[in-house]
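Here are a few short exercises to work through with the model open beside you. Try each task yourself before reading the solution.

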Amino acid sequence: MRCPFCGSEDTQVKDSRPADDGAAIRRRRSCPSCGARFTTFERVTLRELTVLKSDQRRVPFDREKLARSIRVALRKRPVDEDRVERIVNGIQRRLEAEGESEIASRAIGEMVMDTLRELDPVAYVRFASVYRNFREAKDFQAFLGSLGKTPDPDNG
């Protein structure tokens, strides 16, 4: 593994342990050249995923971009980082398990929306405002009005 600080290819693993409920391995590394320490994560990838954007471009699936968008929606909300990692892992596993190598960005967005709707209503609205491209206050009003129209399974 190349050192992100000096570029040396001679780094050493100092410690390894399971992470993300066994879905990854966390490795602490050090660089003998510059003395820097850093952490890497090793994850299983079942298949290479490609995201089909709404403008028909194809881009590689970016796990970190997904995590960032969820973190932005959850900023200053009572949800810890471990939960965010579990959400990202779950979405990535679902995408890989679907058997398709190309996934529409819309499908990924809907998975995030479904997850956030159950987890935190504020984060759900924040994500929806970007994902659905709200431009005016009335867009928020219409969306928030639709939240109350969802049937409650406990109340029939």
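**Exercise 1: The largest pocket**

The largest pocket holds about 750 Å³ of space. The model is a predicted one. Your task: find which residues lie closest to the centre of this pocket, and work out which element gives the largest share of its lining.

Solution.

Step 1. Start at the centre. The lining is made of 26 residues, and those closest to the centre are K53, K65, S105, F127 and Y131.

Step 2. Move on to the elements. At least two lining residues each come from β4 (50–52), β5 (58–60), α1 (63–74), α3 (105–119) and α4 (121–131).

Step 3. Pick out the main contributor. That is α1, whose 6 residues are the largest share of the lining.

Step 4. Sort the lining by residue type. There are 14 nonpolar, 4 polar and 8 charged residues.

**Exercise 2: The sheet of β1, β2 and β3**

Your task: state in what order the strands of this open sheet lie and whether their pairing is parallel or antiparallel, then explain why one side of each edge strand has no neighbour in the sheet.

Solution.

Step 1. Read off the order. The 3 strands of this open sheet follow one another as β1-β2-β3, with antiparallel pairing.

Step 2. Look at the edges. β1 (12–19) and β3 (37–43) each have a single partner strand, so one side of each lacks a neighbour in the sheet.

Step 3. Check the angle. On average, and ignoring direction, neighbouring strands here are turned by 25 degrees against each other.

Step 4. Follow β1 along its partner. β1 and β2 (residues 24–30) run antiparallel and are joined by 7 bridges. Among the facing residues, D15 has R28 as its bridge partner, R17 stands opposite R26, and P18 is partnered by I25.

Step 5. Do the same for β2 and β3. These strands also run antiparallel, and 7 bridges join them. Here S30 is partnered by R37, while R29 has F38 as its bridge partner.

Step 6. Inspect the hairpins. Between β1 and β2 there are 4 residues, and D20 in this hairpin has a positive phi near 50 degrees. The hairpin of β2 and β3 has 6 residues between its strands, and there G35 takes a positive phi near 85 degrees.

**Exercise 3: An aromatic pair**

Your task: find which residues form the aromatic pair and what its geometry is, and say why the pair ties together separate parts of the sequence.

Solution.

Step 1. Count. There is 1 aromatic pair.

Step 2. Identify the partners. They are F5 and F38, with ring centres 6.5 Å apart and 65 degrees between the planes. An angle over 60 degrees counts as edge-to-face, and this pair is edge-to-face.

Step 3. Place the partners. F5 belongs to the segment before β1 and F38 to strand β3, so the pair links parts that are 33 residues apart in sequence.

**Exercise 4: The sheet of β4, β5 and β6**

Your task: give the order of the strands in this sheet, and name which of them are edge strands.

Solution.

Step 1. Lay out the strands. This open sheet has 3 strands in the order β5-β4-β6, and its pairing is mixed.

Step 2. Find the edges. β5 and β6 (102–104) each pair on one side only.

Step 3. Check the angle. The average turn between neighbouring strands is 35 degrees, direction ignored.

Step 4. Examine one pairing. β4 and β5 run antiparallel and are joined by 3 bridges, with R58 as the bridge partner of L52.

**Exercise 5: The annotated span**

Your task: say which residues the UniProt domain annotation covers and how much of the span is helix and strand.

Solution.

Step 1. Consult the record. An unreviewed UniProt entry annotates residues 49–139 as "domain: ATP-cone".

Step 2. Describe the span. Residues 49–139 are 64% helix and 10% strand, and their end C-alpha atoms lie 32 Å apart.

Methods. Residues are numbered from 1 along each chain as its sequence is written. This is a predicted model: local features need pLDDT of at least 70, side-chain atom pairs count only at pLDDT 80 or more; totals for chains, interfaces and linings use all residues. Side-chain values use heavy atoms; hydrogens and water are left out. On a 1 Å grid over the protein atoms alone, a cavity is a set of points where a 1.4 Å probe fits but cannot get out, and a pocket is an open set with protein on both sides within 12 Å along at least five of seven lines; lining residues have an atom within 4 Å of a point. Grid points are joined across faces, edges and corners, and a volume is the space filled by probe spheres set on the points. Ala, Val, Leu, Ile, Met, Phe, Trp, Tyr, Cys and Pro count as nonpolar, Asp, Glu, Lys and Arg as charged, and the others, Gly among them, as polar. Two strands pair if DSSP finds at least two bridges between them. Axes are lines fitted to C-alpha atoms, for helices over the stretch in contact, and angles run from 0 to 180 degrees between N-to-C directions. UniProt positions are given in the numbering used here, feature names are shortened, and annotations may be inferred rather than shown by experiment. Rings of Phe, Tyr and Trp (its six-membered ring) pair if their centres lie within 6.5 Å; planes under 30 degrees apart count as stacked, over 60 as edge-to-face and the rest as tilted.
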